[in-house]
Amino acid sequence: MNQSKINFSKIAVVLFLFFQGIMSVQAQQATAISLNDALKIAKENNKTIQKSHIEQRISEKEIAETKNLRLPEVNFNAMYSRLSDLTEYEGGFFSDKHTYTPEPGTVIYDAVTKFDMPLYAGNRINNAIKKSKEENEIAKIKVEKTQNDIQLQVTATFLGIYKMMELQKIIGESIKEEQERLKEVKAFKTFGTVTKNEVLRSELQLSDRELNSLTNKKNIRIALQELKTVLQLSEESEIAIDTTGLLDIAPLKDYDFYFKESLQNEEMRIANREVDVKKTALKIVKGNYYPKVSFFGNYNLKYPDYMLFTLNRPYLYTIGQIGVEASYNLSGLYKNKAKVQLANLKVELQKNESELVKNEMVDKVFRNHTQYQEILDKLPVTDKALDLANENYRIVKLKYLNQLVLITEMVDADNALLQAKFNKVSTRIDVVMKHYELLHTAGLLNK
């Protein structure tokens, strides 16, 4: 009975460890995400995008705050004080003096309620509200720009990982080839047909490939970590990229299409909106030339009555007034001139900035479109180069097996083939990357 209990306990422990191992393996399995999945996750989780949304909400609250300028200002003020005796000097500070004690006692009460509502202020309030709305529109466009910038960053990281993964495959195939070659060279060395130097050269080539493999694996891990950071995924999560259909893109359109679209991209729209903001700010400054008209009123509760009489009338009294007040700042006629000139210069500066942004967009679209076409033209060249490298490798390998060439020529042919394979894969990935860069510059990444 005791032995059966012991066996049962052992079985239970084994099963527990087995299931724990399964759960551990499942937890370590990487989650494969596609590029579209990564873009969606970044749009929801990325901190930079969230920051731009917060800034947009702040600008919306600033509109509401500016609209409050139209509301009346209501104030309440209450006062309680005690007065000292009043000392009167008849002919100067050092002359005869008389002291009077206010009646009744030395106590004063004062409670005042007043309001002031602007009726006209040179249209400054309306322009301030307009300026806040224009700044809110800029904040909205900046959200779009931030999203597009992060999407391009995610895409670049994603395609960079894909390129390194393809390189890892090529290096892995090359390592297998080098291992087979090393066996052949050692066999040749056994029969005395090659020197020790050729064995060392073959071993060195294999070591170099293994080092390249280790470095590339490390770079893949770093890039995956960067991708997790951009997507705001947990540190414990393991991810892999799904490359299905990643190289499928729309064909390249004419330059004029991308150029016209770039004139309405986020940077151009922001620059043009900034011009509107500066123009509105100029109107606000010019509003200082106009008078301010307000509707006002106040109501006072005071004690004692010293408004019309001396302090010896110990009576509580109330009084109020209501009306319209107009004020005009005469000093603004000469002080505001410099402010208007400064505001005009800021408008001119922003117009110039808008033109600079336009010129930059023209150059970026032309450069990206030209580079895109250049990479497309490279595709058949890389295909041909790979065919030539394969044929060269086949011929050199055949000669090497027949001891007609040295190991150095074999290594050169192997390196050329490796480079040709990578160039073909890399060029196709570069086409996709340049496609997204062109869409980003033209403002079409989310369209």
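Where is Gln232 found? Select Gln232 to begin: the residue is in the loop between α5 (196-231) and β6 (239-241). Helices (H or I, at least four residues) and strands (E, at least two) are DSSP runs, numbered from the N terminus.

This is a predicted model, in which local features need pLDDT of at least 70, side-chain atom pairs count only at pLDDT 80 or more, and totals for chains, interfaces and linings use all residues. Residues are numbered from 1 along each chain as its sequence is written, and side-chain values use heavy atoms, with hydrogens and water left out.

**Two loop glutamines**

Remain at Gln232, whose phi is positive, about 60°, although the residue is not a glycine. Gln232 is partly exposed, with a relative accessible area of 36%. Here buried means under 20% relative accessible area, exposed means over 50%, and partly exposed lies in between (1.4 Å probe, protein chains only).

Next, select Gln403, in the loop between α8 (332-401) and α9 (407-441). Gln403 is not a glycine either, and its phi is a positive value near 60°. Its relative accessible area is 33%, and Gln403 is therefore partly exposed.

**Strands β2, β5 and β7**

Select strand β2 (residues 73-82). Of its 10 residues, the number buried is zero, so β2 lies largely in the open. Now add strand β5 (residues 107-120): the two strands run antiparallel and are joined by 10 bridges. Two strands count as paired if DSSP finds at least two bridges between them. Asn75 has Lys114 in β5 as its bridge partner, and Glu73 has Asp116.

Then add β7 (292-303). β5 and β7 also pair in the antiparallel sense, over 11 bridges. Asp116 has Phe296 as its bridge partner in β7. While viewing these strands, recall that side chains in a regular strand alternate between the two faces of the sheet.

**A nonpolar surface patch**

Select Leu119, Tyr120, Tyr290 and Val324, which make a nonpolar surface patch of about 410 Å². Patches are made of residues with over 30% relative accessible area and no salt bridge (a side-chain nitrogen of Lys or Arg within 4 Å of a carboxyl oxygen of Asp or Glu). Like charges are joined within 9 Å, and nonpolar side chains (Val, Leu, Ile, Met, Phe, Trp, Tyr) within 5 Å. Accessible areas come from the Shrake-Rupley method with a 1.4 Å probe; for residues, only the protein chains shown count as cover.

Within this patch, Tyr290 lies in the loop between α7 (266-286) and β7 (292-303). Tyr290 is partly exposed, at 44% relative accessible area.

**Aromatic rings**

Rings of Phe, Tyr and Trp (its six-membered ring) pair if their centres lie within 6.5 Å; planes under 30 degrees apart count as stacked, over 60 as edge-to-face and the rest as tilted. By this rule the count is six aromatic pairs. Select Tyr255 and Phe366, an edge-to-face pair with 5.7 Å centre to centre and 85° between the planes. Tyr255 lies in helix α6 (residues 255-262) and Phe366 in helix α8, so the pair ties together parts that are 111 residues apart in sequence. Add Phe259 to complete the view: Tyr255, Phe259 and Phe366 form one aromatic cluster.

**Final stop**

Select Lys142 in helix α4 (residues 124-190). Lys142 is partly exposed, at 41% relative accessibility. Add Gln56: Lys142 and Gln56 are 86 residues apart in sequence and 8.4 Å apart in space, C-alpha to C-alpha.
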